[in-house]
Amino acid sequence: MRVLICIKRVPAPGARINLTADGQAVDTTNLGFTMSPHEECALEAGLALVETHGGSATALTVGRPEAEEQLRYAASLGVTSVVLVPTDGNDWDPQRTARAITGAVEHLEAGADGSFDLIIFGNESADSGGFQVGVRVARALDRPVVTGAKGLTVDEDVASIRREIDGVQEVYELPLPAVVGVKEGINLPRYPTMKGRLTSRKATVDAINATGEAGGQAMVTLLSPPEVASHLVVLGDGVTAAPAVVDVLDELGLL
Amino acid sequence: MTVLALIEHDRGRLVPAALESLTFGRQLADRIGTELEAVTIGSTADGLAAHLGEFGAATVHQAHHELLADFSADGWADSVVTLIGTGNPHAVVASGTDRGNEVLAHVAARLDAPFVANVLPTGLETGADRNSPWHLTRVRWGGSLHERAVLHADVKLMTAALHRVDAERADTPGPATPAPFLPVLEERAAITIVRDRVERTAGVTLATASVVVGGGRGVGSPEGFAPLEDLAQLLGGVVGCSRAVTNNGWRNHTDQVGQTGTRISADVYFACGISGAIQHWVGASGAKCIIAINTDPGANIVTKADYAVIGDLHEVVPAIADEIRRRRD
């Protein structure tokens, strides 16, 4: 089967997020980059399906040229081809991103390898969290879509998807080709092997120019939320603090 | 011209966030001087109408269709699109939950219209007339960052960020006049239905537990969680963990507290050996009281906590459990 996994390069913030002076972006001066956690699991899900059923996995991202780093990471895990849809540097709105991905998918599917049986997205990106790009792409390609997947198996031409919301587990069965949005927890992503790391350096990054028309939502500026005032009370050092901790529990009526 | 609130429910059981988004919708309707309407999908939810009236709903549209016995993103979206076609609402608001965001994404995809996920109740500027762009604030990074955005759309589609609006009854209840309708469902709604459904037995879950004892990288191993389990059990709570722990395979992802895990609402959260990256804080900050146990007094979680013990969790946690037992004897 032929699987496409869509990923997004995002900063890996630590204890706080700092903004650039113009408020247009996260200040990444001292930050590394990663992909959204749900997408690490999307990659794992795609690779596992190809291991079981044969075929090939492709990873695609819409982003700046630096997003090659995340594509090469995908290649180091075993993805057979990687595709960059370059942007002008600014984050695109969800409609524009979906239009660009749709255009890129149509371009890829017009090639000799044909259609993707499954396109896998992360449920939402870690940074902007728009909860919609995968659903829009599915619509544009006229394919069924289920998001929030915590389980994914394929049998013949049907994808079986399990998800859980507020203690209710739901099972869906989608005829392929289909689109799935997965959530962290669906699997435990693998780490790259040394051999994978070496080969990924030589992987060819295919660029597809698919710009997409801007949508109706635009970012004006980013803002840091108001700081929560600290009320920290240090109860003590080591085991000697235990009675003070239990006093707090007692006050809260938890004993 | 109205504000339409999509009411999230599961087989007629109201989801608490639905009342937050209904309140959000009422504040929006008041601001632009129009009526608040609600829509429930599936006949299992018909009984909710009167309750929605207490929150100000003038009309409660009720989508009835044989394919709508269970939740269906396609069926729900088709129902909302049907109502947009007949009622031409100014805005549609849903809850900022998995299902709320999912359904509005489907609605937006059908209309090829923008959809703004997780909007805050503050900072909304709606403009003079229907064609004016709206300015609003939404959350990013699970709430660790805010975004001012401008929205150009005929029908404004948005979800209300979770737990940012208190669900409040209206000063003047609405009549909540039921208005049943037959939605126009696409063929796909018969394909993307729920094929099987299991309701897990109720018990103390991470999301609802009153006490959560969380462990991070500092716990060191799967076995290291034994004292945390003991403390949780003593207090009728559950064990949680950070993403570092699940990535190491020490515990199942269902125990993970954070942006891509569970958001807790405990009375007390013990954060043991957790540094407190923003993604973890997003899941932990719903706790009313946070007690951090960490060897590093400068750890992010310590500076944000209500109480802290500076020390080794492997010694401190058992000492707390011993002290509880001693006082109960």
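These exercises work through helix packing and sheet layout in a predicted model.

**Exercise 1. The contact of helix 6 of chain A with helix 9 of chain B**

Task: At what angle do helix 6 of chain A and helix 9 of chain B pack, and what class does that angle fall in?

Solution.
- Step 1. Locate the helices. Helix 6 of chain A covers residues 242-251, and helix 9 of chain B covers residues 313-328.
- Step 2. Read the geometry. The axes lie 9 Å apart, and the packing angle is about 60 degrees.
- Step 3. Classify. Angles from 65 to 115 degrees would be roughly perpendicular and those under 35 roughly parallel. Helix 6 of chain A is therefore oblique to helix 9 of chain B.
- Step 4. Add the hand. Helix 6 of chain A passes helix 9 of chain B in a right-handed crossing.
- Step 5. List the residues. Helix 6 of chain A brings Ala242(A), Pro243(A), Val245(A), Val246(A), Asp247(A), Leu249(A) and Asp250(A). They meet Ala319(B), Ile320(B), Glu323(B), Ile324(B) and Arg327(B) of helix 9 of chain B.
- Step 6. Sort the residues of this contact. Eight are nonpolar, none is polar and four are charged.

**Exercise 2. A sheet of six strands**

Task: What is the strand order of the open sheet of six strands, and which strands stand at its edges?

Solution.
- Step 1. Write the order: 13(A)-17(B)-16(B)-15(B)-13(B)-14(B). The pairing is parallel.
- Step 2. Find the edges. Strand 13 (233-237) of chain A and strand 14 (238-241) of chain B each pair on one side only.
- Step 3. Note the twist, which averages 20 degrees from one strand to the next.
- Step 4. Take one pair inside chain B. Strand 16 (residues 289-294) and strand 17 (residues 307-310) of chain B run parallel over four bridges. Here Ile293(B) stands opposite Val309(B) of strand 17 of chain B.
- Step 5. Add the helices. Helix 9 of chain B lies across strand 15, strand 16 and strand 17 of chain B, at about 130 degrees to strand 16 of chain B.

**Exercise 3. Two helices numbered 4**

Task: How do helix 4 of chain A and helix 4 of chain B cross, and which residues make the contact?

Solution.
- Step 1. Locate them. Helix 4 of chain A spans residues 133-141; helix 4 of chain B spans residues 98-111.
- Step 2. Read the geometry. The axes come within 9 Å and cross at roughly 40 degrees.
- Step 3. Classify. That angle makes helix 4 of chain A oblique to helix 4 of chain B.
- Step 4. Give the hand. The crossing of helix 4 of chain A with helix 4 of chain B is right-handed.
- Step 5. Name the residues. Val135(A), Arg136(A) and Arg139(A) touch Ala105(B), His106(B), Ala108(B), Ala109(B) and Arg110(B).
- Step 6. Sort the residues of this contact: four nonpolar, one polar and three charged.

**Exercise 4. A sheet of ten strands**

Task: Which strands stand at the edges of the open sheet of ten strands, and why is one side of each left without a neighbour?

Solution.
- Step 1. Write the order: 11(A)-5(A)-4(A)-1(A)-6(A)-10(A)-7(A)-8(A)-9(A)-12(B). The pairing is mixed.
- Step 2. Read the ends. They are strand 11 (205-207) of chain A and strand 12 (196-199) of chain B. Each has a single partner strand, so one side of each lacks a neighbour in the sheet.
- Step 3. Add the twist, on average 30 degrees from one strand to the next.
- Step 4. Check a pair. Strand 7 (residues 145-155) and strand 10 (residues 178-182) of chain A run parallel, joined by three bridges. Val145(A) stands opposite Val179(A) of strand 10 of chain A.

How values were computed: Residues numbered from 1 in each chain as written. Chains lettered and ligands numbered in written order. Predicted model: local features only at pLDDT ≥ 70, side-chain atom pairs only at ≥ 80, totals over all residues. Heavy atoms only, no water. Axes fitted to C-alpha atoms, helices over the stretch in contact; angles between N-to-C directions. Parallel < 35°, antiparallel > 145°, perpendicular 65-115°, else oblique. Left-handed = near helix turned anticlockwise from the far one by under 90°. Contact = heavy atoms within 4.5 Å. Nonpolar A, V, L, I, M, F, W, Y, C, P; charged D, E, K, R; others polar. Pairing = 2+ DSSP bridges.
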